[in-house]
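Please take a moment with the sequence and the structure that follow, and then read on for a guided walk through some of their details.

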Amino acid sequence: MRHRFKVLPILYLIIIASSMQISGTMPSLSSQVTSSEMLLTIQMERAYYLPGELVKIFGNLTHSNGTAIQDGTISIEVKDSNNYTFFLDITYTSSDGSFKTSFRLSSIAYVGQYIVYATAHKTGYENATESAIFYVTTDDLFVVRLDPIQVILNADALIMNKKTTVRVIVANGFSERKWVDIQIIYDFASETYDENGPTGIGIPLDPGLNRIYVPGGPILNATHLVEPQWIPPEGQYFVFRWTNTGTDNNITVIIDPDNNIAETDETNNEKTGSREVRNTNSLTIRYYKLRPLLPVYGTPSWNNFSETVNEGNSFINATYPVAGNEFSGVSVGTLWSSPIPGLGMIDDFLSLHIYAAIGQFDRAVGIVSDDYFPFHLLHVPDASNKTGFSHTSITQAALVRAGYWTTITHEIGHTYGLNRDAEDYDINPLGSFASGYWVTRKKEIPKAISFMGESPFRSFEYNSTYSMWVANSHYESLFDAFASSTAHSTSNLVEPSASALFVRGIAFENGTMEFRDMYLLDGGAVKYPEPGEWSLVFRNSSGQVLSETPFNVSFAMFGGKTLSNVTGFAFSVPYPTSSTTIQVWRNSTLILEKQVTSYAPSIEVLSPNGGEFLMAGLNCTVTWNASDLDGDPLAYTIAYSYDSGESWIPVATDVEGNSYVWNTSLLEDGSNYLVRVIATDGVNTGEDVSDNVFTVSKIHDLAVTDVTLSKVVVGQNYSMSIKATVQNNGECSENFNVTAYANTTTITTLTNVTLANGNSTILTLPWNTTSFGKGNYTISAQVIPVPYERNIEDNNFTDGTVLVTIAGDANGDGVVDIFDLNIAGKAYGSFAGEPRYSPEADITNDDHVDMRDIVVIARNYGKIEP
Amino acid sequence: MYFQMVEVTFTDYVINIGPVLTSDQDGIIKTDFNRGEIVQIEFTIENAGNFSLTNALISTMILDPSNTTAFLSYTLENLPLEFFEELVFGYRIPLVGSAGIYTVKVMVFTDWPSKGGIGLDIETTAFDVT
C-alpha cells in the first residue's frame, strides 16, 4: 500500500468573486438531450436570480419509455458567466427518478448567464448529458436576446416584405417594475423604431426575464402577462418589414437608449443580431363554392363559404413563408360540380385544376358541404370525418369542407410537398408539435400542433391545450418550396414551342383512360408532372415522336391513406406544333390515343362586348359565336377579368352551346371588366375577349327626399339651418358628401357622411349669411353622386326660398319696426318646439327668443331696406 | 495464444473516498474552528476496482452556513490499480466568514461534468465556525 500526503498548490484554488457583463445568447430555461436509453431533464425553479439567492436545481431521470430510473448518479457542475466552475455535486435519483441539489449564490456573484451541466450514469445504460441556463443580475437591465419573428422562432431566414415582430428578452435585475424605452434598428439599419410602451412612458418590465413583442406588445414574463397589447404610435397594424434581401448584420435592440435608469452596468443594454433575408415566390389562390348540378349533396351557404375563405386566408398569411403582398386569396364564384359519385369528384379536381391553369393562379380550392365526401367516397368508411383532399396527380387543386379553416393550409401544404405519403396525424397521435407567433394578431403560440395534423371546426384552437400552427420542419420545407422554382422532369422535346398544352384525363381501375378536353394556350405556363410509368407522347404525321413526357397516375390522395377507384391526371407541357397524334403509353402498351385535327376553333364574343353596365348580383348572359372548320364538337371555358385583362378568373368550364349565364353576385364594383371565352376542340383552342371594357356594379342610389328650413326670414350676418333628409336606396353602405345651395352658391358641404343601405338620415347644414347679400334665395340640397351611381335625378331637392334682410326685420317687410317687436314680444321667452316659438323672432338662432333678439331689433329699429 | 480486448466502462471503476476529517494546522482532528483559522480537509482515495483511471477529477468543495460555495479546489490524478493515497486540502476561514456549520464535500469524477464526466464517489463532513 502506498501512502502519500499532499497539500494542493494554490494554483488550483477557485475563488468566486467580482462581477462582470454578459453577452449570452441561450435563454432556454431547460432542455433535454436523450441517450439511447435514458432521458435526463434538469431545470431551475426560475430563470433569473439575484446575487445571494438560493438556486434550486432539480430534474428527472427516466428510461426512454418514461419509466423512472432509481439510484442513477447525477453529476452537477455549475459555471458562472466568466466560465468559472464554482459548484460541483454528486447526487442520486430517488424511486420516482427525481433528483435535486441547491446552492446559494454569493452576494457578489458575477452578473450574467450561468450554465448548469449534468451527466447521468446508471449501470446498464448509456450516460446522458444535459445542461440548462439561468441568469444572475442586480440593479441592472440587460438584453438577453432578440429575435425577429414572422411565423416561427429561429427560421432559417426572414422573408422580404413579410410582416415581422421583434421579440426581445430583457432581464430586469431590479427588485421592482421598471418602465423602459426600447429602440429597434431594422431593415439593414435603414429604419429605427422607438417603443415607448402603452402610455408613452416606457415598457413595464417586471423583475426577472421579460418577453416583449415589439411593436405594440404584449409583454410577458415567466409567470404572467405583464401588459397586454397596445396600439403603437404608428398605428394598430404597424409591423416591421425588411424591404431588401441579403444578410442584415445590424438588427439591433437598445433598451433605455436615453439612459434614464441608473444601472450597475450600462454596457449590456444593447444587442445586435444578424438574419438573412430572402424573397419567396407568390401564392395566389382562388376559391370556388361547389354546387352539384343535381341536388345529390348540399351546397355551403355563402356565409359559411366566405367565413371559411376569410379565415383560411388569414391562417395562410400567418403561417406560410409568403409575404403578405405576395399572397392573394379571393372568392370568385360557384363551380357547378358533377353529381356522379367518385368520378364527379375527380372531374371537380380537373375543373379546378384547369381554372388554376387558365387563370394562372397557383391553386384553386373548392369549398364543399359536409355530405360531399361521403357522397363521392362511398367505399371509404370514415369519409364523413374527412375535411379535405388534395390529389397526387392533379396538384393545383384542393377540396376543403366548409368550416374547416386550417384544412386549407393542410391541403395546400400537401400540394407543396408536406406529408405526401402519410398524414401527419397517422405518424404522430396529434401531429407534429409547433409554436410561433401570429404577427397580425399579436398572439404568442407557445403550444400548438401542426396544421398538417387534424383540423378543428371553425377554430384555430385544436383543443383547450393546443392551438393550430405550422411545425418548424413544415415551415422550413415550405420555405424551400416557395424559394425555388418548380422542379420538373426532362422531356425530349424535338420542336420548341411557345404554346403549352393543358392535359387532363381520367384513369380507371381497369387500366383504361379517357382524355378530358385539353386546352392549347399561347404562353401558357408549363407545369411538368411527376414522372411515372405512363408517358404522354406527341407524334407527327410520319409517326415520329416529337416529345415524350413521363407522368404518374395515382389512385391515392395526398397523405396516402384514402384511395379512390377512379383517378385523374392534369399537367401542362410544351406543345410540338406539328403534332397530329397524342398518345398515352404505359410502359410498352398504348393506352390512349387522340388525333389532332387541322384547324383551331374560331370564336367571337358577342356579349358583353364593351360599354355595358351590369348590375352586380344579377345574372349576365355571356354569348358568343364559334365555329370549327374540322367540324369538331366544341367546349368552352368562360373567364372574366376585372383589371382590363391583366388577370383572368375562370367561372365555368366544359360548357356546351353558345351562351352561359354568369352569376355576378360576388363581383366588386369596377369599370374594367372583360369576358374571355375559350373554345377547344379537345386540343386546338381558340379564344376571344370582349372588344372593350364594361362596368359591373352593385346598385348605388342616394336620394335627397326632403329639405326643411329653420326659418324663411333671416337677418343678414345671422345664421339659420337647413335640414336635408337623405335616403340610401342602394345595396351598399355609402360614404358621401352633401352640399346645400342658396340659388347656385354653395352654403356648406357635409363630408364623409356614412349611411347603411335601406336607411335614411336627417342632416343639418348650417347657413351663416354673413357673405350673402340681402334678397330672396332658393334653397336646395344635393347629395354628391357616389361612384357607379346611375340614378342621380333624385340626388337634388329644392325647398322654397329664404329672405335675407335687415337684422331685426322679423316679418321680412323691409323695415324694422313695431311689427317686428310685436312678433318678438309674442314669442318672448319661448324655446324651439314650444307653440309660441317663432323662428323668425329667434334672430340669433339659438333656439330661444330672449332679450338678445330684442336687442337686435332695438339696435336696428327704424332701418329700412332701400 | 490470443489477446482479448476488454472494453472499460464507467461501471468498472470502483473508487472509494475514505472518511473525510477536518483538522487544524497541527494535524489535530477537530470540528470547531475560529474565523481566521486554517482547516485541513483530510481523506483517502482508493482505487478498489480492476481498472486504472487517468486524470480523475478529485474535488473538495466547502459550503458556508448559507450554502454558498466558500471554497472549491481540485486536482487531476491518475489512479492506477490498488491506488491508495491520503490527500489534504487546506482552507483558511476568512476573518469575515460567517459563523455556523460549514459543509465539506469531497468528490471524485471521471472528468468535469461539463465535459461528460460522471461522479464516482462523494463523501461529506461538516465543521463549526465561531
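In this predicted model, a good place to begin is a pair of helices in chain A, where the axes of helix α7 (residues 818-827) and helix α8 (residues 851-859) come within 10 Å and cross at roughly 175°. Because an angle over 145 degrees counts as roughly antiparallel, α7(A) is roughly antiparallel to α8(A). The contact between the two is made, on the side of α7(A), by A:Asp820, A:Leu821 and A:Ala824, and on the side of α8(A), by A:Asp853, A:Ile854 and A:Ile857. When the residues of this contact are divided by kind, four are nonpolar, two are charged and none is polar.

Which residues of α7(A) are buried? They are A:Asp820, A:Ala824 and A:Ala827, and because they cover an arc of only 65° around the axis, they lie on the same side of α7(A). The general background is that an α-helix has 3.6 residues a turn, so residues three or four places apart point the same way. The buried residues of α7(A) pack against α8 of chain A, whereas on the other side of α7(A), A:Ile818 and A:Lys826 are exposed. Just after α7(A) the chain reaches A:Gly829, which takes a positive phi of about 85°.

Turning from chain A to chain B, the reader meets another kind of fold description, for chain B has zero helices and nine strands, and from the N terminus on its elements run β-β-β-β-β-β-β-β-β. Along its principal axes, the C-alpha trace of chain B spans about 65 × 30 × 15 Å, and of the 130 residues of chain B, 38% count as buried. Among the contacts in chain B with a separation of 6 or more, 66% are accounted for by residues 24 or more positions apart.

It remains to ask about confidence, and what is the mean pLDDT of chain B? The mean is 89, and 92% of the residues of chain B reach 70 or more. Over residues 1-8 of chain B, however, the pLDDT is below 50, and this stretch has one contact in the model beyond near neighbours in sequence. For the model as a whole, the scores are ipTM 0.91 and pTM 0.70.

Notes:
Residues are numbered from 1 along each chain as its sequence is written. Chains are lettered from A and ligands numbered from 1 in the order in which they are written. This is a predicted model: local features need pLDDT of at least 70, side-chain atom pairs count only at pLDDT 80 or more; totals for chains, interfaces and linings use all residues. Axes are lines fitted to C-alpha atoms, for helices over the stretch in contact, and angles run from 0 to 180 degrees between N-to-C directions. Helices (H or I, at least four residues) and strands (E, at least two) are DSSP runs, numbered from the N terminus. Angles under 35 degrees count as roughly parallel, over 145 as roughly antiparallel, 65 to 115 as roughly perpendicular and the rest as oblique. Two residues are in contact if their C-beta atoms, placed from the backbone, lie within 7 Å. Ala, Val, Leu, Ile, Met, Phe, Trp, Tyr, Cys and Pro count as nonpolar, Asp, Glu, Lys and Arg as charged, and the others, Gly among them, as polar. A residue is buried if 20 or more other C-beta atoms lie within 10 Å of its own, exposed if 12 or fewer, and partly exposed in between; C-beta atoms are placed from the backbone. The arc is that of the directions from the helix axis to the C-beta atoms. pLDDT is the predictor's confidence in each residue, from 0 to 100.
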